[in-house]
There are 2 protein chains.
Amino acid sequence: MTDPFIRAFEDAGCEGPLAGLRLAVKDLFDLAGVPTGAGNPRWLETHATPVNDAAAVARLRAAGARVVGKTITDELAWSLNGTNAHYGTPENPAAPGRVPGGSSSGSASAVALGLADIGLGTDTGGSIRVPASYCGLYGLRPTHGRVSLEGAVPLAPSFDTAGVLARDAATLRLAMGVLLEGAAAAGPITRLLAPQDIWDEIPEATRAAVMPKVEALGLVVDREPLFDSGTEPGPLEAARVAYATLQAWEAWQQHGAWIEEHRPEFGPGVAVRFANAATIGNTDIAAAQRVRSGMMSLVQDRLPEGTALAIPAAPGPAFKIGDAPNREAIVRLTCIAGLAGAPGLAVPAGTVEGLPVGLQLVAAPGGDEALLALA
Amino acid sequence: MTDPFIRAFEDAGCEGPLAGLRLAVKDLFDLAGVPTGAGNPRWLETHATPVNDAAAVARLRAAGARVVGKTITDELAWSLNGTNAHYGTPENPAAPGRVPGGSSSGSASAVALGLADIGLGTDTGGSIRVPASYCGLYGLRPTHGRVSLEGAVPLAPSFDTAGVLARDAATLRLAMGVLLEGAAAAGPITRLLAPQDIWDEIPEATRAAVMPKVEALGLVVDREPLFDSGTEPGPLEAARVAYATLQAWEAWQQHGAWIEEHRPEFGPGVAVRFANAATIGNTDIAAAQRVRSGMMSLVQDRLPEGTALAIPAAPGPAFKIGDAPNREAIVRLTCIAGLAGAPGLAVPAGTVEGLPVGLQLVAAPGGDEALLALA
């Protein structure tokens with residue numbers, strides 16, 4: 001006599017904390033039986049269809065979420081724009097005629113359009129926080145390593161994270177509650193650091209839209225600068241360069257061999273970035289690693305338990321389709337969490353000429369739950 | 001601007017006619033991302049993991065059913081016992097210490113144990129009707145061709161059907177309503193043919209248990225013999241031999257090359273049947289085909305619209321594990337529907353020494369809905 005099952009498991013059912021919620025999955029995550037494209041047709045052609053769900057998808061499904069589709073991503077997740085040269089630009093209903101932001105562009109668009117409740121995305125250097133800001137959504141880049149990336153196409157593993165976009169804070173909290181592993185840092189956020197030096201480089205209209213949201217949280221707000229010196233090109237720009245160097249180098253380690261073998265056709269921005277990535281030398285890496293270590297220490301020192309950094313999620317609202325963004329200005333705001341492996345929460349803050357811009361709250365690693373409680 | 005989805009689809013949700021029902025899938029049907037074993041370890045090793053659900057599984061899932069596992073099958077579905085030499089004998093809670101019947105053994109067991117509500121199975125020569133009878137369940141072998149077998153491992157394609165086992169008639173009807181394609185024959189069953197010649201070969205205890213159920217249906221019951229002659233070995237035994245010959249020949253066409261290449265280890269009964277199947281000659285086939293044609297005509301003539309054949313689903317209750325069944329006597333009762341491509345419904349009828357035995361109702365092809373209405 002034996003159990004009747006060769007293999008027992010459960011389809012997503014009508015129970016669990018996410019029952020009834022529709023899940024849109026960025027096409028960087030494996031779904032059993034569905035090809036993974038990573039935003040590039042050559043990738044799709046040269047990889048076998050997965051037989052298992054990515055770990056994050058499996059968790060969300062097991063908690064009752066219902067997959068409603070796979071969504072467009074920027075190519076290999078290496079863009080913050082959401083303008084895929086092969087598959088198009090998903091609609092941003094909060095900013096018509098403008099980009100949705102990327103690289104979690106389709107997940108953000110699907111959630112903003114009401115076609116899904118949970119948008120599963122990744123954030124290496126802003127790919128959840130920027131589309132959240134542009135589409136008027138809530139989004140969390142978790143602490144590096146707290147959400148499994150098994151079954152997800154990597155971009156730069158020491159920076160890659162998987163997280164969620166949602167229309168409201170309660171849904172974001174529910175979904176991230178299912179995904180987050182490991183220990184949370186104890187204690188609520190009671191103090192915000194909105195450093196003068198970083199806010200000084202934000203355009204006036206964005207400052208005017210986002211700062212009231214900082215004040216509305218009702219916490220102590222300190223305005224001390226994040227960095228000590230004012231040397232040129234400035235420590236925030238140095239951080240951006242270090243992030244860009246390390247991320248590009250890791251991306252080439254991940255994908256250089258595949259690119260050389262399969263010669264994929266990339267859209268213009270991505271093509272240039274991969275071409276440059278191939279030329280990064282050891283000296284650049286060493287210097288960038290030193291900057292990264294400095295940022296990790298700075299975040300630990302300046303963001304003790306109970307304190308979150310409060311800065312805009314992007315320098316301004318979504319740009320018009322066809323316009324060129326100031327990528328450097330965007331990455332300067334997203335790279336702090338990236339370099340420090342820290343969680344970064346984007347919440348809708350206000351509007352500039354009717355277009356959404358988000359507030360970004362960054363805590364020291366492990367502060368995911370504290371940030372979510374604040375949202 | 002484009003749709004955010006690369007590929008849109010829906011996981012089984014909380015809606016649809018089968019919402020909330022648990023589905024056990026015989027390990028002959030593909031499930032995306034799950035290896036198909038067909039009851040034999042060598043089969044499992046030598047076949048790629050499927051990337052799509054079998055058509056029947058996809059339909060049931062789309063209607064809201066939730067897969068709870070893949071279930072044990074007899075090897076390549078070629079047995080009516082439910083005693084798999086590699087994976088064991090699933091429990092028959094209605095007849096402790098006895099076999100569940102096969103080859104849809106695990107699906108029947110899972111449903112009988114209350115671990116699933118819908119047991120997806122196949123019936124080539126009785127593999128749904130016999131376990132239904134042994135486990136006290138409802139089961140339908142549909143009209144040949146009315147339920148898709150895409151993504152299911154074949155045994156003998158001109159006889160193979162996919163159908164369902166359930167604990168109650170309402171669930172069976174719901175699930176088969178989702179699976180059945182093509183036109184139903186019109187009109188309800190008003191008359192039963194319980195032919196004296198067939199009932200005469202049924203052991204007395206089974207007759208006593210099943211006939212009251214025939215009478216309880218409240219329809220006209222005719223007892224005229226099914227066959228004209230009483231020649232030896234008798235037309236029902238001739239039908240059984242024809243069925244066994246054609247089914248074995250088709251099984252060898254399907255699997256002979258794979259067996260010769262991969263040398264699977266089979267349990268004793270299956271091994272002998274495949275060995276014999278390899279020796280069937282064209283003369284045997286031609287003779288068997290004539291018998292099959294005769295049975296098709298007989299069913300059309302004797303089971304006009306409104307009439308169903310009423311015979312036991314098996315000669316007796318489940319036999320004890322370790323005992324040898326009278327396979328010929330069982331197949332004589334199941335081969336009529338098989339040869340005619342006709343639907344056969346098994347319903348719990350009564351008990352013999354406390355062990356369930358089923359009534360089998362067979363209609364002409366297309367009469368599936370009429371049989372289900374009668375249940």
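So, which residues in α8(A) meet which residues in α10(A)? Before I get to that, a quick caveat: what you're looking at is a predicted model.

Okay, the helices. On the α8(A) side we have Ala238(A), Ala239(A), Ala242(A), Thr245(A), Leu246(A) and Trp249(A). Across from them, α10(A) brings Asp284(A), Ile285(A), Ala288(A), Val291(A), Arg292(A) and Met295(A). Sort the residues of that contact by class and you get 9 nonpolar, 1 polar and 2 charged.

Now the geometry. If you want to find them on screen, α8 of chain A covers residues 235–262, and α10 of chain A covers residues 282–302. Their axes sit 9 Å apart, and the packing angle is about 125°. Anything over 145 would count as roughly antiparallel, and 65 to 115 as roughly perpendicular, so with that angle α8(A) is oblique to α10(A). As for handedness, α8(A) makes a left-handed crossing as it passes α10(A).

Right, on to the two chains. Their contact draws 41 residues from chain A and 42 residues from chain B. Looking at chain B's side of it, the elements that each put in at least two residues are β1 (5–8), β3 (66–71) and α3 (105–112). Which of them gives the most? That's β3(B), with 6 residues. By class, chain B's side has 21 nonpolar, 13 polar and 8 charged residues.

One last thing, and it's about strands. β3 of chain A, residues 66–71, pairs with β1(B) in the antiparallel sense, over 3 bridges. If you'd like a spot to zoom in on, try Gly69(A): its bridge partner in β1(B) is Ala8(B).

Key: Residues are numbered from 1 along each chain as its sequence is written. Chains are lettered from A and ligands numbered from 1 in the order in which they are written. This is a predicted model: local features need pLDDT of at least 70, side-chain atom pairs count only at pLDDT 80 or more; totals for chains, interfaces and linings use all residues. Axes are lines fitted to C-alpha atoms, for helices over the stretch in contact, and angles run from 0 to 180 degrees between N-to-C directions. Helices (H or I, at least four residues) and strands (E, at least two) are DSSP runs, numbered from the N terminus. Angles under 35 degrees count as roughly parallel, over 145 as roughly antiparallel, 65 to 115 as roughly perpendicular and the rest as oblique. A crossing is left-handed if the near helix is turned anticlockwise from the far one by less than a right angle, and right-handed if clockwise. Two residues are in contact if their C-beta atoms, placed from the backbone, lie within 7 Å. Ala, Val, Leu, Ile, Met, Phe, Trp, Tyr, Cys and Pro count as nonpolar, Asp, Glu, Lys and Arg as charged, and the others, Gly among them, as polar. Two strands pair if DSSP finds at least two bridges between them.
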